[in-house]
Amino acid sequence: IHEQVAIRILDRAQSQAFWTPESKFPTNVGMAMANSYDQKLAANHASVASTNIVGSVTSPNEFDLTLAREAMLRLANTNIPMEELTWVLHPTAYFNGLLSELQLTAADQSGAAQSVMRTGATFQLLGFPVKTSTNIVQTGTPLVCKNLLLHKASMAIAWQRDVEIDRARGVSAGILADILVAQSLYGQNVIRSDHFVVINSKA
């Protein structure tokens with residue numbers, strides 16, 4: 001896959017800015033490209049093994065511990081190593097679903113010093129970290145979140161080691177400007193379709 005990010009910096013903007021606009025370009029390029037391949041990795045929900053899908057698409061429920069336990073069981077029943085797993089949930093699944101589970105959020109039930117609803121502290125789910133991402137796909141009617149439980153060996157991405165950044169001088173709308181372009185090659189794919197689970201939950 002060829003990925004390209006470009007910006008235009010007008011001379012007027014450079015002369016008026018108290019900082020150098022291009023100084024933030026490499027960092028912003030990294031963020032933009034990371035977001036792009038996160039979207040592509042999340043789209044791999046369609047490549048999961050057919051036995052590794054939990055939750056209804058016709059009558060979806062909020063993400064809860066029942067769905068979480070079922071997802072873990074799908075991996076355990078097929079002898080997938082129960083280590084180095086990560087939950088990747090849509091914010092809707094996390095805030096509307098998981099945070100309603102008192103066993104995880106209430107101080108007297110979770111063992112935390114204070115309620116998660118008070119502190120906003122992150123917590124593990126069944127021993128593994130929980131990440132949220134708006135790149136998790138929402139699709140269908142009714143709308144369903146395609147949350148993921150990923151083993152580290154389920155998907156892979158290969159990224160060009162050094163991102164190429166080129167600079168050109170030109171005229172944009174009659175105004176002199178510098179054009180910065182970053183480009184890179186990368187590839188991604190599902191390596192083991194039975195090493196991750198798709199959890200359908202209410203969007």
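Helices, runs of H or I in DSSP with at least four residues, and strands, runs of E with at least two, are numbered from the N terminus. The model shown in these views is predicted.

**Figure 1. Helix 3 and its buried residues.** Helix 3 comprises 13 residues, from 65 to 77. From the first C-alpha to the last, the helix reaches 18 Å, close to the 18 Å expected at 1.5 Å a residue. Six positions are buried, namely Leu65, Leu67, Ala68, Ala71, Met72 and Leu75. These residues lie on the same side of helix 3, because the arc that they cover around the axis is only 165°. The buried residues of helix 3 pack against one other helix, helix 5 (102-105), and against strand 2 (53-54), strand 3 (85-89), strand 6 (144-151) and strand 10 (196-202).

**Figure 2. The two ends of helix 3, with Asp64 and Asn79.** At the N-terminal end, Asp64 acts as a cap of helix 3, with a side-chain oxygen 3.2 Å from the backbone nitrogen of Thr66. Asp64 itself belongs to the loop between strand 2 and helix 3. With a relative accessible area of 22%, Asp64 is partly exposed. A residue 34 places away along the chain, Leu98, has its C-alpha atom 5.4 Å from that of Asp64. Just after helix 3 comes Asn79, whose phi is positive, at about 60°.

**Figure 3. The aromatic pair of Phe63 and Trp87.** The model contains four aromatic pairs, counted where ring centres lie within 6.5 Å. In one of them, the rings of Phe63 and Trp87 are 6.1 Å apart, centre to centre, with 85° between their planes, an edge-to-face arrangement. Phe63 is part of the loop between strand 2 and helix 3, whereas Trp87 is part of strand 3, so the pair ties together parts that are 24 residues apart in sequence. Phe63 and Trp87 are both buried.

**Figure 4. The aromatic cluster of Tyr94, Phe95 and Phe123.** Three residues, Tyr94, Phe95 and Phe123, make up one aromatic cluster. Within it, the ring centres of Tyr94 and Phe95 are 5.0 Å apart; because their planes stand at 90°, this pair is edge-to-face. The two residues of the pair differ in accessibility: Tyr94 is buried, at 11% relative accessible area, while Phe95 is exposed, at 51%.

**Figure 5. Strand 10 and its partners, strand 2 and strand 6.** Six of the seven residues of strand 10 are buried, so the strand is largely enclosed by the rest of the structure. Strand 2 runs parallel to strand 10 and is joined to it by two bridges. In this pairing, Ile199 of strand 10 has Val54 opposite it. Strand 6 pairs with strand 10 in the antiparallel sense, over seven bridges. Here Val197 of strand 10 stands opposite Leu149.

**Figure 6. Ser154 and its contacts.** The position of Ser154 is in the loop between strand 6 and strand 7 (155-159). Ser154 is buried, with 1% relative accessible area. Leaving aside residues up to four places away in sequence, Ser154 touches Val190, Ile191 and Arg192, together with His195 and Phe196.

**Figure 7. Backbone geometry at Glu84, Leu126 and Pro142.** Most residues other than glycine have a negative phi, and most peptide bonds are trans. Against this background, Glu84 has a positive phi, near 55°. Glu84 is situated in the loop between helix 3 and strand 3, and its relative accessibility of 43% makes it partly exposed. Leu126 likewise has a positive phi, near 55°. The loop that holds Leu126 connects helix 7 (116-119) and strand 4 (130-132). Leu126 is partly exposed, at 40% relative accessible area. The peptide bond between Thr141 and Pro142 is cis, with omega at about 0°. Pro142 occupies the loop between strand 5 (138-139) and strand 6.

Definitions and conventions:
Residues are numbered from 1 along each chain as its sequence is written. This is a predicted model: local features need pLDDT of at least 70, side-chain atom pairs count only at pLDDT 80 or more; totals for chains, interfaces and linings use all residues. Side-chain values use heavy atoms; hydrogens and water are left out. The expected span of a helix is 1.5 Å times one less than its number of residues. Buried means under 20% relative accessible area, exposed over 50%, partly exposed in between (1.4 Å probe, protein chains only). The arc is that of the directions from the helix axis to the C-beta atoms. Contact means heavy atoms within 4.5 Å. A polar contact is a pair of N or O atoms within 3.5 Å; within protein, one must be able to donate a hydrogen and the other to accept it, and residues adjacent in sequence count only if both atoms are side-chain atoms. Rings of Phe, Tyr and Trp (its six-membered ring) pair if their centres lie within 6.5 Å; planes under 30 degrees apart count as stacked, over 60 as edge-to-face and the rest as tilted. Two strands pair if DSSP finds at least two bridges between them.
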